[in-house]
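Open the model in your viewer and keep the selection box handy. We'll go stop by stop, with something to pick at each one.

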Amino acid sequence: MIFEEAQRELEQIVQRLESGEAPLDEALKLWERGEELYRFCKERLDTAEGKIEELASRAEAAKP
Amino acid sequence: MKVEAIEYGDRKVYSVGAFNRGVSSWLQRLPTVWVEGEVTELRRSDRWASVFFTLKDPQDGSCLGVSMARGQFDALRLELADGDRVHAYGRPELFEARGEFRLRALSLERFGLGDHLAALERLKTKLAAEGLFAAERKRPLPLLPARIGLVTGNDAAAKRDVLTAVTTRFPPANVLVAETYVQGPRAAGAVVEALRALCREGVDVVVVARGGGSFEDLLPFSDERLVRAIADCPVPVVSAVGHEQDTPLCDLAADVRASTPSVAGRLVVPDLAQLLERLDRSRAGLERGTRRSLDRERRRLGGTHERLGRAPRLLLERRRAKLEQSAGRLRALSPKATLERGYAIVRAGEQIVRSGGSVEPGELVDVELGEGGFGARVEETR
């Protein structure tokens, strides 16, 4: 799953829930899924560490 | 052409003339090509069959001797001055008598800025006709690239501008930088190679950044190979080459054109703070939405429960109403209503008196009226 998809799905779920049209069973399932997507997105942002690499040094490091 | 060698035992030796003839005949097999350079050291004499000059590469100073038939040269009336840029069409040759290598020019054209522009315009029209610059080819940039490729010169400015913009907006960015030539005849090929290398390494988006420069400095970024490589790049490309007013063809082929390297940097990453805020808003919406569903269900359940509670009373009331109805009908049949209309019931002892003959004068009777009654004595019977 990529970040954009997760975020898009999360926002669709919020819309569906806020419309108040989802029956309870569905609402609870959506909520669970939404929380899962939120955790995924948050984790992607929290765990990513900034990194700047030079291609040339990478290429050298890759050599045996 | 067969070149004769002298054998000294196991060593084959060529005379200078034979060597030059051999090299010359080999050189003659090379194709005719166009060569671009600046004219210097033009030497012309009415006594010579050829004119001579040197073509100099303005980028790296490489030199190439050129000769051209005087009649042809004069007919062109080019009025060349030192430093004029020309395109010479010809093939390499060896001046055998002196062992000097040079280009034998068959044709010569002045090539100034106007010609450059015209050539660029021709290329632009051709590539546009192929659809290379078409809007429907443009791909959206990824919202959150896992890794960003950056093609830039080793001059600090453009590279620093992109990196600063990227890391300010999105500190956890992951950038892979490919430093390469961004000027001179090797630049176009080098940028193409850098693009490919970055894609091999795996990036989600590539920024090609180069600071401003002269028209000629930016020419490699209009090179057909480079423009095609950008159009064919498997991931979206952001082009930030030169200043706002320059439009090298790579800008047209790129998916997004940025006016400066800093703008390019800001385009390829999301604003982390904004992203977190949006995510938190989504989460709040998630809770709010779910609570709304729950509340609605709870209300509905409450309503149902209330109706359930009302049901027995309703039943009772219905029965009571029915009872009242029966009582009404019952009442209508009772003598009470008759008495109220003015009739009376006369009893003698326990017996209701129905005829005059059933009582004796002087007998005591009881009279019941609609309201109350009285005792009476019979005066006479009929």
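Start by selecting Glu41(B), which lies in strand E3 of chain B; helices (H or I, at least four residues) and strands (E, at least two) are DSSP runs, numbered from the N terminus. A quick word on the ground rules: this is a predicted model, in which local features need pLDDT of at least 70, side-chain atom pairs count only at pLDDT 80 or more, and totals for chains, interfaces and linings use all residues. Residues are numbered from 1 along each chain as its sequence is written, while chains are lettered from A and ligands numbered from 1 in the order in which they are written.

**Stop 1: two odd backbones**

Stay on Glu41(B). Its phi is positive, about 50 degrees, although Glu41(B) is not a glycine. Most residues other than glycine have a negative phi. Is Glu41(B) buried or exposed? Neither quite: Glu41(B) counts as partly exposed because it has 13 C-beta neighbours inside 10 Å. The scale here is that a residue is buried if 20 or more other C-beta atoms lie within 10 Å of its own, exposed if 12 or fewer, and partly exposed in between, with C-beta atoms placed from the backbone.

Now select Arg77(B), in the loop between helix H2 (70-76) and E6 of chain B. Arg77(B) is another residue other than glycine with a positive phi, near 45 degrees. With 7 other C-beta atoms within 10 Å, Arg77(B) is exposed.

**Stop 2: the barrel in chain B**

Show chain B as a cartoon and pick E3, E4, E5, E7 and E6. In that order, these five strands of chain B close into a barrel with mixed pairing; two strands pair if DSSP finds at least two bridges between them. Neighbouring strands of this sheet are turned by 55 degrees against each other on average, direction ignored. For that angle, axes are lines fitted to C-alpha atoms, for helices over the stretch in contact, and angles run from 0 to 180 degrees between N-to-C directions.

Walk round it strand by strand:

- E3 (residues 33-43) and E4(B) pair in the antiparallel sense over four bridges. Val39(B) stands opposite Leu55(B), and a hairpin of six residues joins the two strands.
- E4(B) and E5 (residues 63-69) of chain B run antiparallel, joined by seven bridges. Look for Phe53(B) opposite Val66(B) and Thr54(B) opposite Gly65(B). In their hairpin, with six residues between the strands, Gly61(B) has a positive phi near 80 degrees.
- E6 (residues 85-95) of chain B is antiparallel to E3(B), with six bridges; Val35(B) faces Ala88(B) across the pair as its opposite residue.
- E6(B) and E7 (residues 100-110) of chain B pair in the antiparallel sense over 10 bridges. Tyr89(B) has Ser107(B) as its bridge partner. Their hairpin has four residues between the strands, and Gly99(B) there takes a positive phi near 65 degrees.

Next, show side chains along E4 (residues 50-56) of chain B. Which residues point to the buried face? Val51(B), Phe53(B) and Leu55(B) do, while Ser50(B), Phe52(B), Thr54(B) and Lys56(B) point to the other face and are not buried. In a regular strand the side chains alternate between the two faces of the sheet.

**Stop 3: a one-sided helix**

Jump to helix H8 (residues 261-268) of chain B, where Pro261(B), Ala264(B), Gly265(B) and Val268(B) are buried. Look down the axis of H8(B): the buried residues fall within an arc of 100 degrees, so they line one face of the helix. The arc is that of the directions from the helix axis to the C-beta atoms.

**Stop 4: over to chain A**

Select H1(A) and H2(A), which pack at an angle of about 145 degrees with their axes 9 Å apart. Among the residues making the contact are Leu10(A) and Ile13(A) of H1(A) and Trp31(A) and Leu37(A) of H2(A); two residues are in contact if their C-beta atoms, placed from the backbone, lie within 7 Å.

**Last stop: where the chains meet**

Show both chains. Here 29 residues of chain A are in contact with 32 residues of chain B. On the chain A side, H2(A) gives the most, with nine residues. For a closing view, select E1(A) and strand E9 (residues 174-179) of chain B, which pair in the parallel sense over four bridges. Glu53(A) stands opposite Leu176(B) there.
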